[in-house]
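Visitor: I am new to this structure and would love a close look at a single part. Could you take me through the largest pocket and what lines it?

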Amino acid sequence: MLVKETTDAERRVYEALAAEPAVAAFTPAFLGATSGGASGGTCELRLRDVTFGFAAPCVMDVKLGTRTFGEAEASNRKPRPDLAQKMHKLDATALTADELRTGVTKLRYMQFRERITSTTELGFRIEGA
C-alpha cells in the first residue's frame with residue numbers, strides 16, 4: 001500500500017475512478033483516505049502499489065486535463081533559473097534575455113510545457129513510461 005498526501009479534489013477523482021469498473025482496472029486501487037476537513041483541505045490517500053506482484057513491472061505516468069498544476073504553483077512568483085534552463089533546452093526562442101538570466105516562474109514554465117505537449121490540445125499527455 002502507498003500513502004499519498006494530496007487534496008480533497010484528488011481524493012474525489014480517485015473515488016470517481018474507483019466507481020467506474022472500466023477505468024478502475026487501469027488505475028491504482030483506491031483503498032480509502034483520511035478526511036480532509038474543509039473544502040480544499042489536504043488528506044492522505046491509501047492506494048495499492050500498481051507494481052505489486054509483478055516481476056518486471058511497466059507503468060505509465062499520464063497527466064490528465066488541460067491544466068496539470070495546482071493553484072499554489074500558479075501563485076508562486078519566485079523566479080526559477082533552473083526552469084528557465086529547462087525551457088531553453090526545449091526551445092531556445094521561448095525566453096527573453098531577461099528571463100534566461102533571472103529565471104521564470106513555475107506558472108510560466110508549466111504553461112510552456114502544456115503548450116509544447118499534447119496537454120492543451122488533447123487534454124492529456126504521457127509524461128513517462
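Guide: Happy to! One definition will help us: Ala, Val, Leu, Ile, Met, Phe, Trp, Tyr, Cys and Pro count as nonpolar, Asp, Glu, Lys and Arg as charged, and the others, Gly among them, as polar. With that in hand, the lining of the largest pocket sorts into 17 nonpolar, five polar and eleven charged residues. Please keep in mind that what you see is a predicted model.

The largest pocket holds about 1400 Å³ of space. Its lining has 33 residues, and those closest to the centre are Glu-10, Tyr-14, Asp-61, Val-62 and Lys-63.

Now let us see which elements contribute. Helix 1 (8–18) gives the largest share of the lining, five residues. Strand 1 (2–7), strand 4, helix 6 (106–116) and strand 5 are also among the elements that each supply at least two lining residues. To place them, the chain has seven helices and five strands, and from the N terminus on the order is β-α-α-β-β-β-α-α-α-α-α-β.

Two of these strands lead us to a neighbouring topic. Strand 4 (61–64) and strand 5 (124–128) each supply at least two residues of a nonpolar patch as well. This surface patch is formed by Met-60, Val-62, Leu-64, Leu-122, Phe-124 and Ile-126, with about 590 Å² of accessible area together. Ile-126 sits in strand 5, while Val-62 is also one of the residues closest to the centre of the largest pocket.

Methods:
Residues are numbered from 1 along each chain as its sequence is written. This is a predicted model: local features need pLDDT of at least 70, side-chain atom pairs count only at pLDDT 80 or more; totals for chains, interfaces and linings use all residues. Side-chain values use heavy atoms; hydrogens and water are left out. Patches are made of residues with over 30% relative accessible area and no salt bridge: like charges are joined within 9 Å, nonpolar side chains (Val, Leu, Ile, Met, Phe, Trp, Tyr) within 5 Å. Accessible areas come from the Shrake-Rupley method with a 1.4 Å probe; for residues, only the protein chains shown count as cover. A salt bridge is a side-chain nitrogen of Lys or Arg within 4 Å of a carboxyl oxygen of Asp or Glu. Helices (H or I, at least four residues) and strands (E, at least two) are DSSP runs, numbered from the N terminus. On a 1 Å grid over the protein atoms alone, a cavity is a set of points where a 1.4 Å probe fits but cannot get out, and a pocket is an open set with protein on both sides within 12 Å along at least five of seven lines; lining residues have an atom within 4 Å of a point. Grid points are joined across faces, edges and corners, and a volume is the space filled by probe spheres set on the points.
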